[in-house]
Amino acid sequence: MRLVFAGTPAPAVPSLRALHASSHDIVTVVTRDDAPLGRKRVLTPSPVAAAAAELDLPILKTGRLDDAATTAIQDVGPDLGVIVAYGGLVREPLLSLPRHGWINLHFSRLPQWRGAAPVQHALIAGDSEIAASVFRLVAELDAGDVYEEVVLPTPDDATAGEVLALLAERGAALVREVVDAIADGSARPRPQHGRPTFAPKLGDDDGRLDWTRTRDEVLHRFRGVTPEPGAHTTLDGARVKVLRARAADPAAPLLPPGRLGTHGRSVIAGTATEPVALESVQPAGRGPMNAADWLRGLRQSDPVLGS
């Protein structure tokens, strides 16, 4: 089949590579425009654009799937559209343009966590399972019939970035299977069942750690917002990013919420229950550093996070 592939970030790249290695023909790769990155704000191609260039595939860079993008895609005559985290909506008439419509790889067990940040919300909620689903794209958000899914236990201590990388690899195999099944006529999608939950895009405030919550709630949020939008707290009104954290040793002393202390060589922070061990932080205006070195440099007694 002739495929148009739409995707932008790194989790979309395994699916692009899997389809390129298949018997199908990728006639266009659609991705977002180059974006300014780093302190110098250098215009940088998306991970999908970089992979497509490496694979010598035609690339269409566009910030939205508008009339011009629709015309460009129509001109290459695709049989099927495949979208993985492109970052924009597919609307009519583009939605119905390919002969077999569009399929989407989504990183949840639908109808759970429909929306832009399914993995992040699943980790914040403390879900025991993670999943990836390939479904038929329809006008309603993430509501189409499901072709295939994979469900895995949530890995211990994994961050959203690590879970996305895992699901991207497992999901790429699903995408290829579904495309093959659509091509040979054996695909049998099923309607979604159950009450939907939603996962809107996270903002900076979603990364704030609330030390009055339980240890597990603090760690769930830390994992869900790492690396984006990033976990953070404050100390004396100054922002501190939390880069690595884990459950403290069971023998660590209990501390009031936000109170910093030590247990052996570990820096610990109090919560409503057991403490959290901080491993790496980034104070405002400085680079990442070991939490123990940071604490020694504070030169204050009884520091309290969130203050």
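Which strand is Gln282 found in? Gln282 belongs to strand S14, and this report gets back to that residue further down. One thing up front: this is a predicted model.

## The seven-stranded sheet

Let's start with the open sheet, which has seven strands in the order S5-S2-S1-S6-S7-S8-S9 and mixed pairing. S5 and strand S9 (146–153) are the edge strands, and each has a single partner, so one side of each is left without a neighbour in the sheet. From one strand to the next, the twist averages 15°.

Now for one pair in that sheet. Strands pair through backbone hydrogen bonds, and they can do so parallel or antiparallel. S7 and S8 go for the antiparallel option, with four bridges between them. His106 stands opposite Ser133 in S8.

## Helix H3 and what it leans on

Helix H3 spans residues 67–75, and its buried residues are Ala69, Thr70 and Ile73. They sit on the same side of H3 because the arc they cover around the axis is only 100°. The spacing fits a general rule: an α-helix has 3.6 residues a turn, so residues three or four places apart point the same way. Look at the other side of H3 and you'll find Asp67, Ala68, Gln74 and Asp75, which are exposed.

What do the buried residues of H3 pack against? Their partners are strand S1 (2–7), strand S2 (25–31) and strand S5 (59–61). S5, S2 and S1 also appear in the order of the open sheet.

Both ends of the helix have a detail to look at. At the start of H3, Asp66 has a side-chain oxygen that comes to within 3.3 Å of the backbone nitrogen of Ala68. After H3 comes Gly77, with a positive phi near 60°.

## Salt bridges

The count of salt bridges comes to 14. As a reminder, side chains of opposite charge can pair when their charged atoms come close. One of these salt bridges joins the side chains of Glu129 and Arg109, at 3.7 Å from N to O. The pair links distant parts of the chain, 20 residues apart: Glu129 is in strand S8 (residues 129–136), and Arg109 is in the loop between strand S7 (102–106) and helix H4 (118–124). Glu129 is partly exposed, at 42% relative accessible area, and Arg109 is partly exposed too, at 37%. The two also belong to a network of salt bridges that links Arg109, Glu129, Glu149 and Arg190.

Glu279 is worth a stop as well. Its side chain meets that of Arg244 in a salt bridge at 3.7 Å, N to O. This pair ties together distant parts of the chain, with Arg244 in strand S11 (residues 238–247) and Glu279 in strand S14 (residues 276–283), 35 residues apart. Glu279 also forms a salt bridge with the side chain of Arg246, at 2.6 Å from N to O. Here too the link is between S14 and S11, with Glu279 and Arg246 33 residues apart. As for accessibility, Arg244 is partly exposed at 46%, Glu279 is partly exposed at 28%, and Arg246 is partly exposed at 30%.

## Back to Gln282

So what does the side chain of Gln282 reach? It gets to the backbone oxygen of Arg286, at 2.9 Å. Leaving out residues up to four places away in sequence, Gln282 touches Arg239, Val240, Lys241, Leu243, Gly287 and Pro288.

## Backbone oddities

Most residues other than glycine have a negative phi, and most peptide bonds are trans. Here are some exceptions. The peptide bond from Leu110 to Pro111 is cis, with omega near 15°, and Pro111 is in the loop between S7 and H4. The bond from Glu228 to Pro229 is also cis, with omega near 0°. Pro229 is in the loop between helix H6 (215–224) and strand S10 (231–235).

Then there are the positive phi values. Ala85 is not a glycine, yet its phi is positive, at about 55°. You'll find Ala85 in the loop between strand S6 (80–84) and S7, where it is partly exposed with a relative accessible area of 35%. Asp302 is another non-glycine residue with a positive phi, near 50°. Asp302 lies in the segment after helix H7 (291–296) and counts as exposed at 52% relative accessibility.

Definitions and conventions:
Residues numbered from 1 in each chain as written. Predicted model: local features only at pLDDT ≥ 70, side-chain atom pairs only at ≥ 80, totals over all residues. Heavy atoms only, no water. Buried < 20%, exposed > 50% of the residue type's maximum accessible area, 1.4 Å probe, protein only. Helix = DSSP H or I, 4+ residues; strand = E, 2+ residues; numbered from the N terminus. Arc of directions from axis to C-beta. Contact = heavy atoms within 4.5 Å. Polar contact = N/O pair within 3.5 Å; in protein donor to acceptor, adjacent residues only side chain to side chain. Salt bridge = Lys/Arg side-chain N within 4 Å of Asp/Glu carboxyl O. Pairing = 2+ DSSP bridges. Axes fitted to C-alpha atoms, helices over the stretch in contact; angles between N-to-C directions.
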